[in-house]
Amino acid sequence: MPENWPPPFQVRLSQRAKRILVSIHPKRGLEIVTPKRISTQQALNIVHQHRAWIEKKLQAQRHPATHTDPAWPTHQPPLHIHLPALNEHWQLLHRPTTTARAQLHIDSAQHQLTFSGEGEQVWSLLQRWFIAHTKLQILPMLHQLARAHGDPLQGSGARWNHTRWGSCSRAGRINLSARLLWLEPAEVNYVLHHELNHLHHFDHSPVFWQSLEARLPGALSLDRGIRHAHKRASFPAWLKLV
Ligand SMILES: [Zn+2]
């Protein structure tokens, strides 16, 4: 960036300005706002005086803070997705098309996801697929366990939840995070038991944990294990971005 110094700028006369100001406008770019006319050389001197500040601001404008990963959102999806929960390996194929709209074609028999389009659009399609896949593959396990244990499950769903693996409402509805797809099968089983146990104990009291350990021996150690699951190598870096 320093080779682009000094950046293009304009001088804007403003009656309301009390003194000379340097500002960076989102559309107009670098501006020197001044109450009285100044020469080009004077303007250039001002730009040089504020160099550190101007460079920092221009840099921030190019990479807004919301995009902490500079590759996001223009980076492309991975070539391969492993879902430990289901021990599935999916291949991702990019098919360039002339239409601007991103598309995702799912071949469940071949475990192939073929997509067209770029960046964020593809990610939102994939995210929707992860949720649909959770509903298709993991929710039946939840209902099967509920039947086997006589749990009063009233409804279920899946979402893209960053903060919780699952949740249980007072009405008896359980929602699962599609991120469960990246846990180990035994851990998914644990989360299902944990949420189902809330249908009997709506809190995290000692009674809840005793009851959970009784229905699933080893539950407590599984609970400790998944707290930092997102730091594992099997948890792909791109997953933190979507
Ligand atoms: Zn809980």
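How many nonpolar, polar and charged residues are there in the lining of the largest cavity? That lining divides into 1 nonpolar, 5 polar and 1 charged residue. Here Ala, Val, Leu, Ile, Met, Phe, Trp, Tyr, Cys and Pro count as nonpolar, Asp, Glu, Lys and Arg as charged, and the others, Gly among them, as polar. We will come back to this cavity after a look at the whole chain.

First, some ground rules. You are looking at a predicted model, in which local features need pLDDT of at least 70 and side-chain atom pairs count only at pLDDT 80 or more, while totals for chains, interfaces and linings use all residues. Residues are numbered from 1 along each chain as its sequence is written, and side-chain values use heavy atoms, with hydrogens and water left out.

Let's start with the overall fold. The chain has 7 helices and 10 strands; these are DSSP runs numbered from the N terminus, with helices being H or I of at least four residues and strands E of at least two. The radius of gyration of the chain is 27 Å, well over the 18 Å that the globule rule gives for 242 residues, so the chain is more spread out than a compact globule. That radius is taken over C-alpha atoms, and the rule is 2.2 Å times the number of residues to the power 0.38. The C-alpha trace spans about 85 × 50 × 30 Å along its principal axes. You can see this spread in one pair: Ala17 and Gln154, 137 residues apart in sequence, are 64 Å apart in space, C-alpha to C-alpha. Of the 242 residues, 42% count as buried, where buried means under 20% relative accessible area, exposed over 50%, and partly exposed in between (1.4 Å probe, protein chains only).

Now turn to the zinc ion. Its protein donors are His194 (NE2), His198 (NE2) and His204 (NE2), lying 2.0 Å from it, and they follow the spacing H-x3-H-x5-H along the chain. Donors are N, O and S atoms within 2.8 Å of the metal (3.2 Å for Na, K and Ca); water is not among the atoms, so sites may look incomplete. His198 counts as buried because its relative accessibility is 9%, whereas His204, at 52%, counts as exposed.

Two of these donors also turn up in the largest pocket, which has a volume of about 370 Å³. Of the 17 residues that line this pocket, the closest to its centre are Arg164, Gly166, His194, Glu195 and His204. Strand E9 (166–168), helix H5 (185–197) and helix H7 (219–226) each supply at least two lining residues, with the largest share, 4 residues, coming from H5. By class, the pocket lining has 6 nonpolar, 6 polar and 5 charged residues. Asp223 lies in helix H7 and is buried because its relative accessible area is 10%. Leaving aside neighbours within four places in sequence, Asp223 is in contact with Tyr190, the zinc donor His194 and Trp209; contact means heavy atoms within 4.5 Å.

Back to the cavity. On a 1 Å grid over the protein atoms alone, a cavity is a set of points where a 1.4 Å probe fits but cannot get out, and a pocket is an open set with protein on both sides within 12 Å along at least five of seven lines; lining residues have an atom within 4 Å of a point. Grid points are joined across faces, edges and corners, and a volume is the space filled by probe spheres set on the points. The count comes to 1 cavity of 30 Å³ or more, and the largest has a volume of about 40 Å³. Its lining is made up of Arg159, Asn161, Gly166, Ser167, Asn175, Leu176 and Ser177. The largest share, 3 residues, comes from E10, and E9 and strand E10 (173–177) each supply at least two. Asn161 sits in the loop between strand E8 (155–159) and E9, and is partly exposed because its relative accessibility is 22%. Not counting residues up to four places away in sequence, Asn161 touches Ser177 and Arg179.

Finally, look at two loop residues. Asn87, between strand E4 (80–83) and strand E5 (88–94), has a positive phi of about 50 degrees although it is not a glycine. His111, between strand E6 (103–107) and strand E7 (112–116), has a positive phi of about 55 degrees and is not a glycine either. Most residues other than glycine have a negative phi.
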